[in-house]
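User: Hi! Could you walk me through this structure with a few questions and answers?

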Amino acid sequence: MPSNKSVSDAPIVQFTNCRILRDHQLQREDLWVREGKILNPEKLFFEEKGSADVQLDCKDSIIAPGFIDVQINGGFGVDFSLATDDFKSGIDLVSQKILSHGVTSFCPTLVTSPSSVYHQVLPQISVRNGGAHGAGILGAHLEGPFISKEKKGAHPEHCLRTFEAGAFQDLLATYGSLDCVQIVTLAPEMRRSSEVIRELTKRGICVSLGHSVANLSQAEEAVQHGATFITHLFNAMLPFHHRDPGIVGLLTSDRIPAGRRVFYGMISDGIHTNPAALRIAHRAHPKGLVLVTDAMAGMGLAPGRHTLGQQVVEIDGLNTYIAGTNTLSGSVATMDTCVRHFQEATGCSVETALEAASLHPAQLLGIEHEKGTLNYDSDADFLMLNDSLYVQATYIAGEEVWRQDVSGM
C-alpha cells in the first residue's frame with residue numbers, strides 16, 4: 001500500500017488475538033511493529049493512512065516485554081569470570097541459549113577475581129543489541145572485589161580488596177577500564193566508599209550494595225551518595241534485626257532522597273530466599289523488586305562439579321554449593337522459572353511478576369524508554385507466553401529469535 005511508504009519502506013507487522021502488558025495491565029489489543037519499534041496504531045491510521053503488511057495470530061497468548069537479567073555469572077558451561085581464549089564465543093553461546101528463557105538483554109556478571117582477570121575479560125565484553133545471534137548485552141556487572149570478608153559468600157577471600165588512599169584510582173587500576181561497565185557491587189561500610197560511589201554514579205554506572213555488614217545508616221548514606229540497587233537482598237548481608245535492620249531496612253527507609261527509588265535484586269529460585277522472605281520484601285517495597293537469576297556456568301547442565309570464577313562448585317538439583325562446604329554459590333535457575341516461582345510464592349498478579357523481570361530492571365538502569373515496556377516507540381523486544389507464564393516465543397527488534405518446538409513437546 002503506497003501510504004505505508006510515505007514514512008518508511010519497512011513492513012508493518014500486526015500481532016493480533018493477544019493480551020498485551022501495557023500500563024501495568026494486560027490489555028486486549030493488537031501490537032503493531034515496524035523497524036524494530038512498537039508503533040502507535042492511531043498515528044498509523046490517521047496520519048499515515050497506513051495498514052499492516054503482515055498479520056500474525058497470537059492464539060490468545062500474553063505478550064510481555066522481554067526479560068532483563070542484570071546478574072548472571074554464566075551458564076551452559078560458560079563462566080564469565082574465567083579469562084579464556086574463547087571468551088567471546090562463550091558469551092555468544094549464553095546470549096543465544098537464554099533466548100529460550102525469555103531473556104532479551106542482560107548484564108554479564110563477574111564475581112570477585114584477580115585483577116588480571118578483569119584486565120583480560122572486560123575488553124572482550126562490548127555493549128551490543130540483541131538479535132537472532134542472541135540477547136543484547138547492556139554492560140558488565142562487577143560484583144566485588146570491594147566487598148566484606150565476613151559476607152564474602154562464594155567469593156574467594158584472597159582476591160578481596162579494600163579502598164586505599166586514592167580509592168577511585170585503586171578501583172580503576174583493579175578493573176583496568178570502566179568502558180563497558182553498567183553495575184558495580186560493593187560494601188558501603190568500607191572506608192572511602194562514599195567517594196567511589198559518587199565517582200561511579202557521576203559516570204552513569206549503577207552502584208549496588210551487597211556482600212556487606214553495613215548497618216542501616218551506612219546503607220542510607222550510600223544511597224544519599226548515589227547507590228540505587230541492592231545485590232540479592234537477604235543473601236550475603238546482615239540478617240534483619242528490629243533495632244538495626246541493616247541494608248534490608250532500605251526497603252522502608254524514610255531517608256531516601258526525594259524522587260529516588262531503591263531497587264533490590266531477588267533470586268526467586270525457591271533456594272536462596274524462603275517464600276515468606278520473598279513475600280515480606282515484595283509487600284514492603286513492590287516497585288523496587290528486580291528478579292535476577294545469579295545463574296552460573298552450571299545452569300542448563302547436569303548436576304556435578306562446575307566453576308564459579310576461582311571456586312569449584314557442586315550442583316545437586318537446584319542447590320549449588322562451594323565444593324565441600326554448605327555455602328550457597330549462585331544459582332542454576334532460569335529467568336522464566338524465577339518469574340513463575342515469584343508469582344506462585346507471593347500470589348502477585350501476572351502483570352506484577354512479569355514487570356519484576358522487565359520494567360523494574362529497565363528502570364534501575366535508566367533504559368525504560370527503550371526497553372522493559374511495550375510503550376509506543378520503545379524497542380520491540382517481547383515475549384509470547386501462555387497463561388502459566390511459559391515462554392512460547394521470543395522477539396528482539398520485532399523479529400522472532402526463538403520459538404518453542406511444539407512437535408517436540
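User: In which helix is Tyr-118 found, and is Tyr-118 buried or exposed?
Analyst: In this predicted model, Tyr-118 is found in helix 4. Buried means under 20% relative accessible area. Tyr-118 has 0% relative accessibility, so Tyr-118 counts as buried.

User: Which backbone nitrogen does the side chain of Tyr-118 reach?
Analyst: Let's start with what Tyr-118 touches beyond four places in sequence: Ser-113 is on that list, and so are Thr-174 and Tyr-175, among others. The side chain of Tyr-118 comes to 3.2 Å from a backbone nitrogen, and that nitrogen belongs to Ser-113.

User: Why do the buried residues of helix 5 line one face of the helix?
Analyst: Helix 5 spans residues 167–175, and its buried residues are Ala-167, Phe-168, Asp-170, Leu-171, Thr-174 and Tyr-175. Looking down the axis of helix 5, these buried residues line one face because they fall within an arc of 155°.

User: What covers the buried residues of helix 5?
Analyst: Tyr-118 of helix 4 gives us a clue, since its contacts include Thr-174 and Tyr-175, which are two of the buried residues of helix 5. The cover includes helix 4 (115–121), strand 11 (140–143), strand 12 (181–186) and helix 6 (193–202).

User: Where does pLDDT stay under 50?
Analyst: Across the chain, the mean pLDDT is 95, and 98% of residues reach 70 or more. Where pLDDT is low, the predicted coordinates should not be read in detail. Here, the stretch where pLDDT stays under 50 is residues 1–5.

Conventions
Residues numbered from 1 in each chain as written. Predicted model: local features only at pLDDT ≥ 70, side-chain atom pairs only at ≥ 80, totals over all residues. Heavy atoms only, no water. Buried < 20%, exposed > 50% of the residue type's maximum accessible area, 1.4 Å probe, protein only. Helix = DSSP H or I, 4+ residues; strand = E, 2+ residues; numbered from the N terminus. Arc of directions from axis to C-beta. Contact = heavy atoms within 4.5 Å. Polar contact = N/O pair within 3.5 Å; in protein donor to acceptor, adjacent residues only side chain to side chain. pLDDT = per-residue confidence, 0-100.
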